Amino acid sequence: MVGAGGLAAAAPGAANATADATAAATAPAAPTPAATVTYTTTTNWGYGLQADVSITPSVTVTQWTLEFDAAEQQTLTFAAYAGSAQTGRHVTLTNRPFNGTIAAGSTIHLVVQFSNPTSTDVPPSSFVFNGQATAYTPSPYIVVSADKPTVPEGGSSTVAVRLSQAPTANTVITVGSGSAAPIQAAPSQLTFTPTDWDVPHVLTLTSPSDADTTNQTAYIWLQQQSGRPFYAPDVLFATQLDNGNVTSAQAPTPLPTPTGLQALHIADTTADLTWLGSGLSAGDVVERQVDGRWQQYAGGAFGSLALTNLTPATTYTFRVYSVPVQGLGYTASAPSAPVSFTTLAGPDTVPPSKPPTPLFSNTTTTATNLSWGESTDNVQVTGYYVQQLVAGAWTTIRTVAAAARFQPISGLTPATSFTFGVIAFDAKGNASVRSDPATVTTQADTAYPICRVQVQAYNPGFTATVTIVNTTAAPLSGWTVQFTLPTTATVSTTFNGALTRNGTIGTISPQPWNTVIGAGGQTSPGFTGSALPFTPPSAFTLNGRPCTSI
C-alpha cells in the first residue's frame, strides 16, 4: 500500500512502486484521502480574519504538513499550534513537536489569521496533507456582491447578499453598523430558507448629508443569528462619497491600476499570466497587442489567466485593466504596464535542475522525515519522484507534487541505514538528474522509551513540552508523566494529555487517542502556566524514570 502522503508511480529506471520504505514492490491500490480538512472562518474584522482549521487523518501519522492556496491578496500573519510559511498564495503549515502524532480518525485544531485587504469572503482551496490531496470541507459563508461598497452622501446604494450553500433550516443573518456610523444598512435582518438561499437579498445602504467635506467610512457587519450550519461572518467596508468633495461628487474615481503583471511557465503553446488587481473589480480584462493595436483577449479574470493554443517561437505582449462593479461610483482602471514574452520554438525538452541533497529530521526507530530544496526548470517543475536504494537498485516509492517537498517515511527497521534520492520532472516528462543520495540510520531499540522535556520560561509564564519517543520494540501503553510544580503556580492550558495535581506533584495522563504509542512512534504532551514567585516546573519523569532536559 502507499504510505501516508504518497502516491506510488513508475519513473524512469524504476521497475515497481512501493508504499513504504521496506515493503516489497507491488502494484499500488487506489489511494484513500490522506485526511479530511475543515476550514471555518470564526472572526472577520474587514481587513483581516481568523479561521479554525481541523485535520482528521485517515491513518495514524507521526509528522504532518498541510498545504493550501489562500484567496487572492490574503497574507498569513499568525498560526497557532503549527509552523507556517507562505509563498505567493501558497501556505504551508507543519506540526509542532507536541502535535506531530495524530491517530487515525482523531482530530486536531489549528488557528490561522490572515490580513485581508480586499475583504474577500472566498475560502482557500487546493488542500494537500502530507503530499496527498485531501477531502476538504470549506466552511459555509455569506456571499456579498461588493465587499467595499460606496454610498453617495445624501443617497443610497445596494449590495446583494446570499449564502454559499443551502441551510438545513431557516437562517437569520443580522446586519449592523452602529447608530453613530455615517452609513446605515437596512433591513437589520435577512432571512434565508432552504429553498431561497441562493436568491440575492437586497441590502440598502444609506448615508445622510452632513456638514463636512470629506469621505467617511463605516463597517457593516453581517453575522448569523440562528439556523444551521454555521456561516462564516462577513464585514463590508463601506465608503461615503462626500458631496462636498469635488473628486468623489463630480467625477467618478477610476479603479486602481493592476500591478505586477508577469508571464510564468512559458512553453511552446502555453503560458500563465499573473497580476495583482483591485478588490472592487467585477473582473479584469486581458488585452493582447496585435500589429500595434490592443485587442481584448479575455475578460472576467481575477489575478491570473492560463494562456493556451499559443504559437511556438512567437512573441506575445499583454496588458490588463480592471472593470468596476456597476453603481459603486468607479470607472475602469488605467491599463497595467505591458509584459512581453516569446514562446519556445518546440516542445520543451529541457529537464529540471538536479534537486539538492535530501535532509532528515525527527528520526525514530521506524520513521523519519525526508525533505529537500526546490529544483528549477525553464518552464515549471510539476513534481518529484522520491526514490529509495534497495538491494543496489533505485526504486520510486512515491510521486509527489512540486510543493510536497516534506515527506514522512514510515515502516523502517530499527538500527538500519536507508538511502534516499529525489528526481524532479516537468509537465512534458523531462526528468532531472537524481539528487545526491542521502543516508539515514534509524535509532536502535532500547529497553525503555526516550523522554525529553523542554521548559520555555518567560517570567512569570512558562510552556513545558514533553516528547515521548517509543524506541522499544513493543507498543508503549498506559504511560504517565509526573513533575514538580509549586502549589502557587497556575496551569492555563494542557495539550495532548490530561493534567491533574496533588499538592506539588503534577501528573499528565494520555488522551484516548495517544494512550498507546506504537514502536517508533512519538507523542508530545505538555502545558502552559505561570507562577509567582517564579518557579517553573521541574523533575519530570516518564513511568518513574527521569526525563532529559533539552
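Is Phe420 buried or exposed? In this predicted model, Phe420 is buried, with a relative accessible area of 0%. Let's start there and see who keeps it company.

The count of aromatic pairs comes to 17. In one of them, the ring centres of Phe360 and Phe420 are 6.1 Å apart and the planes meet at 55°, so this pair is tilted. Phe360 belongs to strand β29 and Phe420 to strand β34, so the two rings tie together parts that are 60 residues apart in sequence. Phe360 itself is partly exposed, at a relative accessible area of 24%.

Now hop over to Trp372 and Tyr384, an edge-to-face pair with 5.5 Å from centre to centre and 70° between the planes. Tyr384 is in strand β31, while Trp372 sits in the loop between β30 and β31, 12 residues away. Trp372 is buried, at 5% relative accessibility, and Tyr384 is buried too, at 1%. Elsewhere, ring pairs join Tyr39, Phe68, Phe114 and Phe127 into a cluster.

What about charges? The whole structure has 2 salt bridges. Arg319 makes one with Glu287, their closest N and O atoms lying 2.7 Å apart. That bridge connects strand β26, home of Arg319, with strand β23, home of Glu287, across 32 residues. Both Arg319 and Glu287 are buried.

Lys354 and Asp436 form a salt bridge as well, at 2.7 Å from N to O. Both residues lie in loops, Lys354 between β28 and β29 and Asp436 between β34 and β35, so the bridge ties together parts 82 residues apart in sequence. Here Lys354 is partly exposed, at 42%, and Asp436 is partly exposed at 37%.

One last stop: the charged end of Arg545 sits over the ring of Tyr448, 3.7 Å from its centre.

Methods
Residues numbered from 1 in each chain as written. Predicted model: local features only at pLDDT ≥ 70, side-chain atom pairs only at ≥ 80, totals over all residues. Heavy atoms only, no water. Salt bridge = Lys/Arg side-chain N within 4 Å of Asp/Glu carboxyl O. Helix = DSSP H or I, 4+ residues; strand = E, 2+ residues; numbered from the N terminus. Buried < 20%, exposed > 50% of the residue type's maximum accessible area, 1.4 Å probe, protein only. Phe/Tyr/Trp six-rings, centres within 6.5 Å; stacked < 30°, edge-to-face > 60°. Lys NZ or Arg CZ within 6 Å of the ring centre and 35° of its normal.
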